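User: I am new to this structure and should be grateful for a close look at a single part of it. Please begin with the overall layout.

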Amino acid sequence: MYAGGDGEVLHCKCCCDLSLEATMATVSGERAPAFTAEELDKLVDGVLPQYTLLYGPPDKLVSAHKKKGIWRAIAKEVQTLGVYHRRSTHLRKRWEDLCRWSKKTAEAQLRMASQRGRGVRRTMIPLMFRILAMAYPELDGRLRASQQPQGGEYSLI
């Protein structure tokens with residue numbers, strides 16, 4: 001799987017230029033390091049323009065092969081940061097986790113606002129609003145509308 005010999009820095013034979021140390025966790029079964037904020041931003045920046053092709057209406061969907069190609073391209077973009085070798089399957093799982101987390105947090109905040117009669121607490125991070133706007137536009141609209149009666153600008157934080 002890896003090229004190199006004694007005393008040589010080993011590199012992954014795939015498309016990236018990461019050292020063996022950066023890729024060993026996926027090979028040895030060790031837990032991968034947490035995603036950095038830069039990696040998450042790069043992931044969201046890669047998925048949002050392709051969202052319609054990946055998750056759009058049935059008439060706009062593409063083949064599974066094309067979707068895998070899109071996820072591989074996103075993985076290459078994330079790997080340019082050089083933090084860690086992230087496979088496209090890991091990035092797809094992280095994207096789905098981010099969507100689920102964003103939706104759950106937004107719904108909880110709307111529920112809390114309706115129960116207490118207060119506005120939505122401003123604890124959501126900007127990344128979550130970007131995901132909500134694309135993946136759950138109706139929820140994003142309700143969240144934005146709940147901010148308006150409070151007499152303030154819609155705040156990201």
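How many helices and strands does the protein have? After that, please examine the packing of helix H2 against helix H4 and the core.

Analyst: The protein has seven helices and two strands, where helices (H or I, at least four residues) and strands (E, at least two) are DSSP runs, numbered from the N terminus. Read along the sequence, their pattern is β-β-α-α-α-α-α-α-α. The model is predicted: local features need pLDDT of at least 70, side-chain atom pairs count only at pLDDT 80 or more, and totals for chains, interfaces and linings use all residues. Residues are numbered from 1 along each chain as its sequence is written, and side-chain values use heavy atoms, with hydrogens and water left out.

Two packed helices are described by the angle between their axes and the distance between the axes. For H2 (residues 37-47) and H4 (residues 64-79), the angle is about 145° and the axes lie 9 Å apart; axes are lines fitted to C-alpha atoms, for helices over the stretch in contact, and angles run from 0 to 180 degrees between N-to-C directions. On the H2 side, the contact (heavy atoms within 4.5 Å) is made by Glu39, Lys42, Leu43, Gly46 and Val47. H4 contributes Trp71, Ile74, Glu77 and Val78. By class, five of these residues are nonpolar, one is polar and three are charged; Ala, Val, Leu, Ile, Met, Phe, Trp, Tyr, Cys and Pro count as nonpolar, Asp, Glu, Lys and Arg as charged, and the others, Gly among them, as polar.

Leu43 and Val47 also belong to the largest nonpolar core, where they are among the residues with the most contacts, together with Trp95 and Ile131. This core has 26 residues; a nonpolar core is a set of buried Ala, Val, Leu, Ile, Met, Phe, Trp, Tyr and Cys residues joined through side-chain atoms within 4.5 Å. Its largest share, six residues, comes from H5.

Leaving aside neighbours within four places in sequence, Trp95 is in contact with residues including Leu43, Val47, Trp71 and Ile131. Tyr51 and Tyr55 are also among its contacts, and these two tyrosines form one aromatic cluster with Trp95. Both tyrosines lie in helix H3, four residues apart, about one turn of the helix. Tyr51 is buried, with a relative accessible area of 14%, whereas Tyr55 is partly exposed at 29%; buried means under 20% relative accessible area, exposed over 50%, and partly exposed in between (1.4 Å probe, protein chains only).

Key. Rings of Phe, Tyr and Trp (its six-membered ring) pair if their centres lie within 6.5 Å; planes under 30 degrees apart count as stacked, over 60 as edge-to-face and the rest as tilted.
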